[in-house]
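Please walk me through this structure in my viewer, stop by stop. At each stop, tell me what to select and what I will find there.

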Amino acid sequence: MLKNRIIPCLDVKNGRVVKGINFVELKDAGDPVEQAKIYSNGGADEICFLDITASNENRETIINIVKKTAKNCFVPLTVGGGIRTIKNITDLLLAGADKVSINTAAVNDINLVVDASKKFGSQCIVVAIDAKNISKNKWEVFTHGGRNKTGIDVVEFSKKVEKAGAGEILLTSMDRDGTKSGYDIELLKMVTKNTNIPVIASGGVGTLDHLYDGITTGGASAVLAASIFHYGEHSIKDAKEYLNSKKVPVRL
Amino acid sequence: MNVTIVDYQSGNISSVINSFKQVAKDKVNIKITSDLNKIKLSDKLILPGQGSFKSCVDSLNRINGLHDALKEFAIINKKPLLGICVGLQMFGDVGYEESETKGLGWIPGKVTKIDNQNGKFKLPHIGWNEIEIVKESKILKDIQNKSHMYFVHSYEFVPGDKSVITATTDYSSKIVCSIEKDNLFGTQFHPEKSDKTGLKVIENFLNL
């Protein structure tokens, strides 16, 4: 049986992790390479890097991090942030990323998703959607790290990226992100019911129960979280054992 | 020993390179090339494959003489070859992704889309799934039954002769995920992304 995936996400800025993991064995709390290794050894099903570096000149930095990480990390590695061109994707994949996550560029030009999935295969193209609730059962797509509204409906856009060839959707609730109040389950339900590709839930995890809800009620194939893992509140192992005890299929 | 990862522009092979180098350490020489002579002189080959069946076959055919060099290596000289994902699928006669495309025709069979049972099963089949070992295989040596491997694909290889199947995985139906026929080996899962268990498969292949 296919297992639900647990994906820790590391926000990387100028080559350093912005939120650190609270592990004792960690020599350098801000080193993404070392943190990825700890997560991978700890049973993470995939690792996600989100490059939140503002400037374009810093692309080399994330590429070097990916290179170093990929040498010691034998679970899938997804990298997102600032991807605008086929060249950006090629560089990251050559460095050792297994998938890339495209956000703003997919909204600006859906052909990037079409071209990228044709060139590299759907399996390595994830479209990240930042969603904000605007009225009952209505969510709007935001871009540029949540700063710009687009007027685009999240469900319609999800269908569009599926058709364009995306292999997965990484769905973040902007309303819940950082609140620790749980995923936006209604949003998840809406997108998972209206698409036929896997959806990764993101934004708002505060407890292990939230992971459970995202999978069982929300219909997510994978759950992404940052702070509950970074601050050492829970290990990946805790999360998996908890889900397993509640009969959610996970890789132990 | 010289082991070559065939580089035919079949998409992202960085992880394959990293994982083979990790397992090989200094004991085995790992090369990445599309040079026909180097391929022919290798002791073992890895045929990766990402993207669609059609795009992989097209890329392979774009390199003049590669098809024949692979055939000479694997079919005439019967040296060990491991196909990964679409690399395995291409062993078949025909694939139906994008459009009907002829495969290498080394193992009778076809590559068809996984039945999603009217949306009940999301595609691609992405993530960790258990493998059910149905027959002893050299590359699955010392790997426990029901081990988890990492999958990402929407199409499956359906061989005509079921005796080549060494493991299956359950997703909509029993999907063929490991095959062995004489010197030909193939995995639908990605050993390079399947953590320690995957590295063990790579080690087994290098130790053949």
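Here is a short tour, from a whole chain to its partner and then to single residues.

**Stop 1: chain B as a whole.** Before you start, keep in mind that this is a predicted model. Select chain B and colour by secondary structure: you should find 6 helices and 13 strands. Turn the C-alpha trace along its principal axes, and the spans are about 50 × 35 × 30 Å. The radius of gyration of chain B is 16 Å, which agrees with the value near 17 Å for a compact globule of 208 residues.

**Stop 2: inside and outside chain B.** Now colour chain B by accessibility. Buried residues make up 60% of its 208 residues. Of the contacts with a separation of 6 or more, 71% link residues 24 or more positions apart. Switch on the surface: it comes to about 8,300 Å², with 46% belonging to carbon and sulfur atoms. If you then select the charged side chains of chain B, there are 27 positive and 24 negative charges, and their mean positions lie 2 Å apart.

**Stop 3: where the chains meet.** Bring chain A back into view. The size of an interface is often given as the accessible area lost when the parts come together. Between chain A and chain B that area is about 2,600 Å², and carbon and sulfur atoms give 51% of it. On the chain A side, pick L2(A), F74(A) and Q123(A), which lose the most area to chain B and together account for 28% of what that side buries. In all, the contact takes 35 residues from chain A and 29 residues from chain B.

**Stop 4: K193(B).** Next, select K193(B), in the loop between β13 (184-187) and α6 (195-206) of chain B. Is K193(B) buried or exposed? It counts as buried, because its relative accessibility is 4%, under the 20% cut-off. Show what surrounds K193(B): it touches residues of chain A, including C73(A), F74(A) and D98(A), as well as S15(B), W128(B) and Y150(B). For a distance check, draw a line from K193(B) to D142(B): they are 51 residues apart in sequence and 18 Å apart in space, C-alpha to C-alpha.

**Stop 5: I65(A).** Finish in chain A with I65(A), found in helix α2 (residues 59-72). I65(A) is buried, at 8% relative accessible area. Beyond its neighbours within four places in sequence, I65(A) is in contact with V12(A), G15(A), P32(A), V33(A) and F49(A). A last line, from I65(A) to K160(A), covers 32 Å between C-alpha atoms and 95 residues in sequence.

Note on methods: Residues numbered from 1 in each chain as written. Chains lettered and ligands numbered in written order. Predicted model: local features only at pLDDT ≥ 70, side-chain atom pairs only at ≥ 80, totals over all residues. Heavy atoms only, no water. Helix = DSSP H or I, 4+ residues; strand = E, 2+ residues; numbered from the N terminus. Rg over C-alpha atoms; globule rule 2.2 N^0.38 Å. Buried < 20%, exposed > 50% of the residue type's maximum accessible area, 1.4 Å probe, protein only. Contact = heavy atoms within 4.5 Å. Areas by Shrake-Rupley, 256 points an atom, 1.4 Å probe, with all protein chains shown as cover. Lys, Arg positive; Asp, Glu negative; His and termini not counted. Charge placed at Lys NZ, Arg CZ, Asp CG, Glu CD. Buried area = accessible area lost by both parts, 1.4 Å probe.
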